[in-house]
Each structure stands twice: as structure tokens, then as C-alpha cells.
Amino acid sequence: MHLLVVVLNRRIRARVLAVTLTAGAPAAAQIGATTRADPTPAAPAASSAPRLTQFVQADYPPAALAQGLEGSVLLELTIDPTGHVTQVTVAQPLGNGFDEAATAAARTFVFEPARRDGVAVASILRYRYRFSAAAAREAQRPRPRALLRATVRGRADQPVANAAVTLTLPDGSTRDATTDAAGAFRFELEVVGDMRLAIRAEGFDALEVTEPVADREDVGLTYRLTPARPAAPAATPGSPVSEATPAEDEDEATVRARRPPREVTRQSLEFREILRMPGTGGDALRAVQNFPGVARAINGLLIVRGSTPQDTQIFADGTSIPLVYHFGGLSSVVSTELLDRIDFYPGNFSARYGRAQGGIVDVGLRSPRRQGFRFVANINLIDASLFAEGAITRNLSFAVSFRRSYIDAILGGVLSGINAVSFTSLPVYWDYQALLEYRPTSRDRIRLAFLGSDDSLSLILNQPSEVAPRFSGSFSTGIGFHAGQLLWDHTFSTSVSSRAMFSINRNAINVGGGDVFGLNLNFWNITGRYELTAQVNRRVRANLGMDLTGGPAEIRFNGVRMPTEGQQPNLQNLARVSTQDADTLYRPGAYAELEVTPTPRLRLIPSLRVDYTRDANRSWAVQPRFSFRWELARDWFIKGGVGVFNQPPQPSQSSSAVNSFNPSTTVGNPFLGTQRSIHYGLGMEHNFSRYVSLSAEGFYKDLDEQIIAQPSVLGAAYLNSGIGRIYGGEILLRHRPSSRFFGWLAYTISRSERRDSPASTYRIFQFDQTHILTLIGSYRLGRGWEVGLRFRFVTGNPTTPIIGAVYNGDTGTYTQIPGASYSARNAPFHQLDVRIDKTWTFRRGSLNLFLEVLNVYNNANPEGVQYNYNYTQSTTVTGIPIFPNLGFRYEY
């Protein structure tokens, strides 16, 4: 047996090690090996010294630490061919308990064994163990439970130095700090909970915010202060001060890096991205359409990862709203000025969200400012909006917003020359929001909010349709909602908090189609939510919640039972339906969710949600979900999740009302169950820098129990016979807003397929868009100028070809003969949008003038096919041509 004798001197540095290995030269230069049998000065090329693979920290002798004693112990270790230490001898003792501590630790070392000619052999190694009193005291110093650090920025995104920062802890005590030259400050916290921050700097309005901080959390924040606006001098009011200094519209947004999300994938936007994003008109919710996983909107509907628009729910602080966009997606129904955040979850969302199998858009309304007043006017060629907010008292503040379109005024002259159509009411929309917020104590926030929206259009067809002559006369459509919401956030202690919400919505949908179709749907949606969050210990946070939604609903319907997606419409042979019905929906749910951090780099989120739906055959839906997020290495993350998601049927689908045209049948199917989808997701994220990040994710959705209509069957109107699958991947390369630039490149590849029954074969889904590419960039040129562009390329929408027609002598019309469902596609969609901004700063406000040009090179994007009366000729229906939109935003 060969025995290697090795002398090892090595310095190992660590942040919190009380015991370190040390030597005066680099480790690689200190390793020399000789053998007792062969006294040559160095081992042959095929030989190697043992290498330490498992180090164990020694306990510092308490008495020696109290006296400040330190030093090193030289040990001689005997290592067997497996790499384990079999004997430890003290070659140079230090005394005072150091020898025993070093010996005990060294016995548990594990080495890569020494090798001679490639064969593992036993060896003897000299090892110096150094004890540092300073390092030991640092390691024993109580570590903070959490860290709160932030950067304060002002004009042109420059750091604000010497700002006074006051932190109010949950117990009412305060701590002070001052920002350094980089605008940074930090607090090491021994308690957690809601922290109140007050930031004051000369030349800026004061800022007060409340930040939730959890145990073992490192919260990184950026605050942007609003420049103070002193009273105007004797000069002409409103005269420009400078064109070289742009008004920082994004200064009004507080950008927070919150604790890790409870979902696998969450996309969020910063305020500057919202205001300056080309193609959106500065509308926050329109910007969501540019996220990965979102298909190109059809008639303003959100299509998320190949699901139907009805599968994605929209919330405003927990209150469900029936629509997110006005006509054709021209603008959203909530003012951008009121938004605190927009969180978009394309799948695998938290258990606090239920009754949806597609995605979630969660809009958070921000608190009104608690000092001074602010006014914003936003006017463009499509609509105009006004916004105001301010403080009534120290603890009471308000915000109001109103918007109205004037498309009716613009289109009136254009459409007056069309003989076939007479408009009795041109397209018009409006919306409003009003908030009143009260903070009676530092632990409570109470907010009363009102939201509403209305879209309406009516016209008269002076000439019957060639394809369907039965459809003539007046046509109208209207959709709107009005909601009142009461929200209460309460902090019980540093580790327990809650949120309660109660809201009442009145939703109305009215559609009239000549003498053969009419729909009037009016329903009250009463919603209650309560969530209790508790930090159980340093590694576990629990979220327990319950919600209830329901209320009276009334429906009047006269027409035909239209086929669901994938079924061929035959306007001459559809089941006639006429009914008037009233019902009360009752849909309670509850959930439990744990956020477990077994290590600082790993977060596990198991959850369970249970929903009951009385109008879906009194069915229960048990939905287990699980997600994780693991920091594999610094700024490298692996994420994944799997979960069950159920969605109840629409009230009209489960209605038991009798069909007046055929009393032996019902309008819906009262025995319908809930639809189900199982989501799978796995992805990665990497932060290259504070601005540049990359994320990629693969997803799969397994759908069953999907609701399918039976348009011409006298039996059950709807059945849970549909099956589907959706799979694909998403990539997002993003540059977050810096002082000059922001942008991203988003790409989605996916496939959405359906089967109408287990016996049928898979086919392409109506909303399938295989390739979706979005490129966005915006750059500040200086002197208040900013220019940006957006380019989109999307696979054409699936279509069903018409392969012929049959003449009906009784009606004198032709009935189409369709081909295979969605077996053809429109040509690809591609479009370039450009936006140019110019900003001026005034003593009493700021003005932003923008020009946004949609479809710059006027591409005739196909949206569908229109046929003549006998289906022998067809023309392509194209989308919006080049469209310039000029507008301004004034802020006071």
C-alpha cells in the first residue's frame, strides 16, 4: 500500500465563518507531495494530493472568545483511500480549548482521496486551522429578521442624496436614515409587518408609503419623488420654463420590488412602460396585450394561451368586472392614472383565484395622494379623460376619473353616405371611477370605490342581407356595469394581517338583431372576500381565505341557439329558442395556501381550493395546486407548477327555463357540471443586470368536461363532452426602464386543439395563433423628446372554408356547405406602430404631446372572408388601415 504525505496550507475566506483555514500563499502553490517509500520531491504526473470536499466549522471555545484569544492549530490528518479522516494528531498545539475544537471538526472532514498512478491511496496531510475572534463575534451577532433597502430618485431618474427617511415600525417606534450620494438607504429589521416610510427631500413633494415586510425577506425598492411645484411668479402663468428638462410622468408611480409572487408566472408593468408604450395610447390595460402568452385581441377580447376569452377573469382589487376593453379594444375601462399595479397570470395562478380555467388579470387601484392635489387631462382623437386626486384631511383622501369617447362625432359624417345602413346611435363609450380612502390608524386602511362603464351602438339595416335575408331591421348592442366596493386592510400584529372586501355589481348586456334575435341579460354580482395572512414561523407563511359570489339574474332571450366554437352555423336550420327566466346564483369557495421557504433560495407553494356551484348541478370542485421557485445560482431561477382549475358554466348554459318555441325542451342544461383544466408549467429566469432579464417557460393545459352546444338537437341543449389540449412555450427578453431606454422582445409558440366528444378527432381551435412575436422599444433622445416603436407578427386566425352551397327553393336562399372546421387560415398579421413624444415642464404643471401612428406601412391585414349570396365569390375583410392618433396629456 502506498501512503502519500501532504502538507497543506490554505486560506479560506467566508463572510460569517468564525473559523477559517489560513496560509500565507495561494493554495495551489502550497501543495507538495512525497511518499515515505519514495522520497522524491514531487509526485509523478499521474499522482494528486487529497482535496477537501466537505468542510466542518469548529466551535469557538467560549472562554477563549470572552478573553479575545485567537490563533491557529496545526493538525496532521490521516486520510484513507475513501477520503475519510481516520486519525487526527495535533502537531502544533494552541491550548485554551482550541486543540480539542479543531480536532473534533477535522474528524468529520471529507476529502477527494490522494491518487498515485490514478489509484486512490491513503495519505497523511498537515492542515492548519485558524481561529478568529472577530469573525466569531460577527457570526454570533443577532442577524436581522429582514432587510428593507431602497433607492430614491427624482428628475430625469437621478438619485436624490441627503433625503430624510423616517421608518415607523408596527409598534409605533421610529428609525431615521439619510440617503447617500447614490440615493440609497437601508434598514436592518428585527421585526416584520407593515412598515410606514416617510421620505422628504428639498425640492420634492414628501412621499409616504406603507410596505409589507415578511420574515427573512430582502425587500428592494425604488421610489421616485415628484418635483415640488412652487407658486408661479409674476410672469405669465403657464409659460414654459425649459424645454431641455422633460417632465417625468413616471415620477408619480412608486415602483416596488415586492416579495416573491405566489404564482409561477406573473408579468408586471412599470408606469413609464405604460405611458410610453407604442400602440397603446398610454393605456395600461391595452399594454397587457403585448405580454407573452396573449394572442392578438379579436374585438378587444383577451385570448390567453389558446383559451376562450370567457376563460380569463378580470379583477379590480378582487371585484370581478365583465369586460376590460371598450369597443374593439380602443381603450380600457379603468383609468391608467388610478392603477397601482397590473398583474397578469397566464396560468398556474394562486388558489386565491377561482372559477377560471384560462388566465387572470388582476388590476390594483392605488391609494390617492395624501398631500396636496393633482389634476390630469388626457385628450386624443378617440376619447378624452379627466382625473383628479388629493387630500381632504390628513387621514382622508379622494380620487375621481371620467372618460368619454367621441367616435360618434367623428364617424357621423363618414357613415351618413352609406345607404344600406342607418345609425340611430353611433358607437359611444364612457367610464368612471371614484375612490374615497380613510386611514383611522396606522394599522387600518378603509376604501370606498365606485366603478362603471357603458358601451352602446344601434343601427338599422335598410337592405336585407344577401346571405341571410331573414336578418333585417334594427340592430343594437350595449354592455355596461356599475360596481361599488368596500375594502378594509387591517394589521393585527407584525406577523398577522387581513384583507376584507365586499362589492355589489350590476351588469347588463343587451343585444338586438331585427325580428329574429334579442338578448337582455341583467344580473347583480354580489361578492365577498376575506383573506388572513399569518407568518407561522421564519420559514412558513399561511394564506387562508374564502370568497362568495352570486346574486339575482334575469334573462330574456329570443332567437336561435348559436353553435359553440367549431360547429358549423347553418342559419336556416338552427333550434329556435325563446324564454324569460330569473334565478339566483350562489357560488362560495375557500382556499388554503402555504408559502414554505426551507432554504433562502427555495420557495414551495402548496395550496388547495374548493368551490361549490349551485347552478352547476350543485357540484363541488376540489382543486389542488403546487408551484415552486428555486434560485439555482445567483440571479438564475427555476420555476414550475401544476394545478387543477375549474370553471362553472354560464347562467344561460345551465338554465332550466322552458323554451317557449318547444315546451318539451329547456334553454340550457341544468345538469351541466363545471369545466376542468389541468395546468403544467416549467421555466427559468435570469437577471443579467438590474435592467436586463430573460425568462422562458413551457406550458401544457389538459382540458376536459368542456361545454359543447347542441344547436339543432331537441334533447340536451349543452353537454360536458368537449376535450382539449394546449401546449407551447414563451420567451421574454426585457430591458426595464432606465434613464434612456426600455423595451422587450416577446415570442410565443403554441398549439390549441379541441375535440367535441371523446369519439371525435382533434382539430385546431378557433383562437389558435401559432406564432406571436412582439418587439417593443422606446428611447429618450433628450430635450423632452422620446421615440418608440412596436412590431408584431402573428400567425393568421383559423377559418372554416366554404366549399359550396345548396339552393333552397322554399326560402329562395343558398345554404353554405362548409369544409372541415378551421382547416384554413388567414394570411399572417404583421404591423408596425410608432410613437413620438414631446414633453415640456411648466412651473404649475407639465404637458406631454404625442403622435401615435398605427400600421405605419398600411398593411392590409386579413381579418376574415365575406361571401356573396350564393357563395361563389368572396372578398377578404381587412383590418385597420394606417391610423394616426394625436393627443396630449396635461398634468397640474
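**A working conversation on a predicted model**

Trainee: Which residues form the nonpolar patch on the surface?

Mentor: In this predicted model, the patch consists of Leu381, Phe741, Tyr779, Leu781, Trp785, Val787, Ile836, Leu849, Leu851 and Leu886, and together they have about 830 Å² of accessible area.

Trainee: Which elements give two or more residues to the nonpolar patch?

Mentor: They are strand S44 (771-782), strand S45 (785-794) and strand S51 (845-854). Leu849, for example, has its place in strand S51.

Trainee: Is Leu849 buried or partly exposed?

Mentor: Leu849 counts as partly exposed because its relative accessibility is 36%.

Trainee: Let us turn to charges. How many salt bridges are there in the whole structure?

Mentor: A search finds 42 salt bridges. One of them joins the side chains of Arg889 and Glu337, at 2.9 Å from N to O.

Trainee: Which parts does that pair tie together?

Mentor: Arg889 belongs to strand S54 (residues 883-891), while Glu337 is in the loop between strand S21 (319-320) and strand S22 (339-345), so the pair ties together parts that are 552 residues apart in sequence.

Trainee: And their accessibility: does Arg889 count as buried or exposed?

Mentor: Arg889 counts as buried, at 3% relative accessibility. Glu337 counts as buried too, at 6%.

Trainee: What about the salt bridge of Glu753 and Arg751; what is the distance from N to O?

Mentor: Their side chains meet at 3.0 Å. Glu753 is buried because its relative accessible area is 8%, whereas Arg751, with 33%, is partly exposed.

Trainee: And Asp611 with Arg609: are they buried or exposed?

Mentor: Both Asp611 and Arg609 are buried, and their side chains form a salt bridge of 2.9 Å, N to O.

Trainee: Which residues are linked in a network of salt bridges?

Mentor: Asp317, Glu437, Arg439, Arg445, Arg447, Asp489 and Arg499 are linked in such a network.

Trainee: Now the interior. Which residues of the largest nonpolar core touch the most other members?

Mentor: Leu285 and Val361 do, in a core of 37 residues. Two or more residues come from each of helix H6 (284-287), strand S20 (313-316), S22, strand S23 (360-365), strand S28 (444-461), strand S29 (473-491) and strand S42 (741-755). As background, nonpolar side chains tend to be buried together in soluble globular proteins.

Trainee: What does Val361 touch, not counting residues up to four places away in sequence?

Mentor: Val361 touches Leu285, Leu302, Gln313, Ile314, Phe315, Ile342, Asp343 and Phe344. There is also a second, separate core of 26 residues, and Val152, Phe204, Leu207 and Val209 are among them.

Trainee: What is the average pLDDT of the protein?

Mentor: The average is 80, and 80% of the residues score at least 70.

Trainee: Where does pLDDT stay under 50?

Mentor: It does so over residues 1-45, for which the model has 96 contacts beyond four places in sequence. Residues 230-260 also have a pLDDT below 50, with 78 contacts in the model beyond near neighbours in sequence. Where pLDDT is low, the predicted coordinates should not be read in detail.

Trainee: Finally, the overall picture: how many helices and strands are there in the protein?

Mentor: The protein has seven helices and 54 strands. Buried residues account for 51% of its 892 residues. Of the contacts with a separation of 6 or more, 65% come from residues 24 or more positions apart. The protein exposes about 39,000 Å², of which carbon and sulfur atoms supply 58%.

Methods
Residues are numbered from 1 along each chain as its sequence is written. Side-chain values use heavy atoms; hydrogens and water are left out. Patches are made of residues with over 30% relative accessible area and no salt bridge: like charges are joined within 9 Å, nonpolar side chains (Val, Leu, Ile, Met, Phe, Trp, Tyr) within 5 Å. Accessible areas come from the Shrake-Rupley method with a 1.4 Å probe; for residues, only the protein chains shown count as cover. A salt bridge is a side-chain nitrogen of Lys or Arg within 4 Å of a carboxyl oxygen of Asp or Glu. Helices (H or I, at least four residues) and strands (E, at least two) are DSSP runs, numbered from the N terminus. Buried means under 20% relative accessible area, exposed over 50%, partly exposed in between (1.4 Å probe, protein chains only). A nonpolar core is a set of buried Ala, Val, Leu, Ile, Met, Phe, Trp, Tyr and Cys residues joined through side-chain atoms within 4.5 Å. Contact means heavy atoms within 4.5 Å. pLDDT is the predictor's confidence in each residue, from 0 to 100.
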